[in-house]
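Work through the following exercises with the sequence and the model side by side. Try each task before reading its solution.

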Amino acid sequence: MSDLATALRARIARDGPLRLDDWMAACNTAYYAGPDPLGRDFVTAPEISQMFGEIIGGWIGDLWLRAGRPAVRLVELGPGRGTLIADALRVLARLPEFAAPLALVETSPALRAQQARRVAADWYDTLADVPDDLPAIIIANEFFDALPIRQFDGAGGERAVTVAAEGFVATTIPAPATSAGETCPAGQAIAGAIGERLRNRGGAALIIDYGYADAVAGDSLQALRNHAVADPFAAPGDSDLTAHVDFTALARVAGFAGAIRVSGPVPQGVWLARLGIEARAADLQAGNRAAAAGIAAALVRLTAPAQMGNLFKVMALSAPQWPQPAGFDA
Ligand code: SAH
């Protein structure tokens, strides 16, 4: 048994069943601290192709130019291997006057080390620790889906985890809420902190994740191990635990009753197409004929509705005195 499993068994024996969000937090902290989480069990958009981070770099540059080239801080939440921000910065380097301190919010020491090989930055454990002396342009790709959720059955029960003869299993504990569904209190708290920062200092945030805009998810908890769906309770810390992101809830909290502009969410495929990913793919193919088929395949994977194009959504939050972020109007 892993050290984490032993510790969780002891905790449940002492305190009783563990709420799902506490389970998810403990498991994911261990998971992301482990060896190369992003190579082992799942692949994210920036790891599929450099085009993804480059398009985001273009989006940042366009917004910054139209905002009048202000001093800004770039912030990324959960940067993984640092691939997205390295690709984005390569594009931004073409704007001679663009220079921004980079703040990376990352809790995993293993991933911080990987990020440090790709970019120069300051690292923080939480967004609240990042200085707010400047307007911020905040990027978060597949960050909110990793944050712990709570699940309610609508009949006075909340999902929790306990120990049975066969190992860890789901159970039900009395719930404080009577409505059914999932909530992500940690995600909502961060959305609120983003909104507050944008309201106080200006700037914009780009949130990309798999999720939904109409609150319908009953149980979207998913474990991935070796690129396959796994039991979320079987091997704590050994699989990636995620849940669909409720964009409506994030927008409600971050929007401060209209004080912050909410753009989208729009499907990832639509957003990438509006930002010119097809032209970028053609350029890359022209420059490297041998890689043309691979580039075409990556383009399909990122944009096709049956692949990542529809399930993944893009939403922007921005200060009302900032220009409208690109890619959200038809
Ligand atoms: N954005 C990257 C990685 C996505 S995986 C990509 O697209 O490839 C989720 C990332 O969020 C990892 O870097 C993980 O270590 C980080 N993370 C998860 N929970 C976190 C938390 N509570 N605070 C800060 N970072 C967290």
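Throughout these exercises, buried means under 20% relative accessible area, exposed means over 50%, and partly exposed lies in between (1.4 Å probe, protein chains only). The model is a predicted one, in which local features need pLDDT of at least 70 and side-chain atom pairs count only at pLDDT 80 or more, while totals for chains, interfaces and linings use all residues. Residues are numbered from 1 along each chain as its sequence is written, and side-chain values use heavy atoms, with hydrogens and water left out.

**Exercise 1. Classify glutamate 97 and arginine 69 by accessibility, and describe how their side chains meet.**

Begin with glutamate 97, whose relative accessible area is 53%, so it counts as exposed. Arginine 69, with a relative accessible area of 44%, is therefore partly exposed. Next, look at the side chains, which meet in a salt bridge at 2.8 Å, N to O; a salt bridge is a side-chain nitrogen of Lys or Arg within 4 Å of a carboxyl oxygen of Asp or Glu. Finally, place the pair on the chain, using helices (H or I, at least four residues) and strands (E, at least two), which are DSSP runs numbered from the N terminus. Arginine 69 lies in the loop between H5 and strand E2 (73–77), whereas glutamate 97 lies in the loop between helix H6 (83–92) and strand E3 (102–105), so that the pair, 28 residues apart, links distant parts of the chain.

**Exercise 2. Explain how aspartate 62 and arginine 66 are placed relative to each other in helix H5.**

The two residues are 4 residues apart in helix H5 (residues 50–66), which means that about one helical turn separates them. Their side chains meet in a salt bridge of 2.8 Å, N to O. Aspartate 62, at 27% relative accessibility, is partly exposed, and arginine 66, at 41%, is partly exposed. In total the structure holds 14 salt bridges, and Arg19, Asp21, Arg150 and Glu158 are linked in a network of them.

**Exercise 3. Find the strand that pairs with E7, and the residue opposite glutamate 158.**

Strand E7 (residues 157–164) pairs with strand E8 (residues 167–174) in the antiparallel sense over 8 bridges, where two strands pair if DSSP finds at least two bridges between them. The two strands are joined by a hairpin through 2 residues. Opposite glutamate 158 stands isoleucine 173 in E8.

**Exercise 4. Is methionine 308 buried or exposed, and which residues does it touch?**

Methionine 308 belongs to helix H13 (residues 305–311), and its relative accessible area of 10% is why it counts as buried. Leaving out residues up to four places away in sequence, methionine 308 touches Ala45, Ile48, Glu142, Gln268, Arg301 and Leu302, contact meaning heavy atoms within 4.5 Å.

**Exercise 5. Name the residues that touch the most other members of the largest nonpolar core, and say which helix gives the largest share.**

A nonpolar core is a set of buried Ala, Val, Leu, Ile, Met, Phe, Trp, Tyr and Cys residues joined through side-chain atoms within 4.5 Å. Among the 46 residues of the largest core, Trp23, Val75, Leu77, Phe144, Ile194 and Leu317 touch the most other members. Helix H2 (residues 20–33) supplies the largest share of this core, 5 residues. A second, separate core of 43 residues includes Ala121, Ile208, Val266 and Met308.
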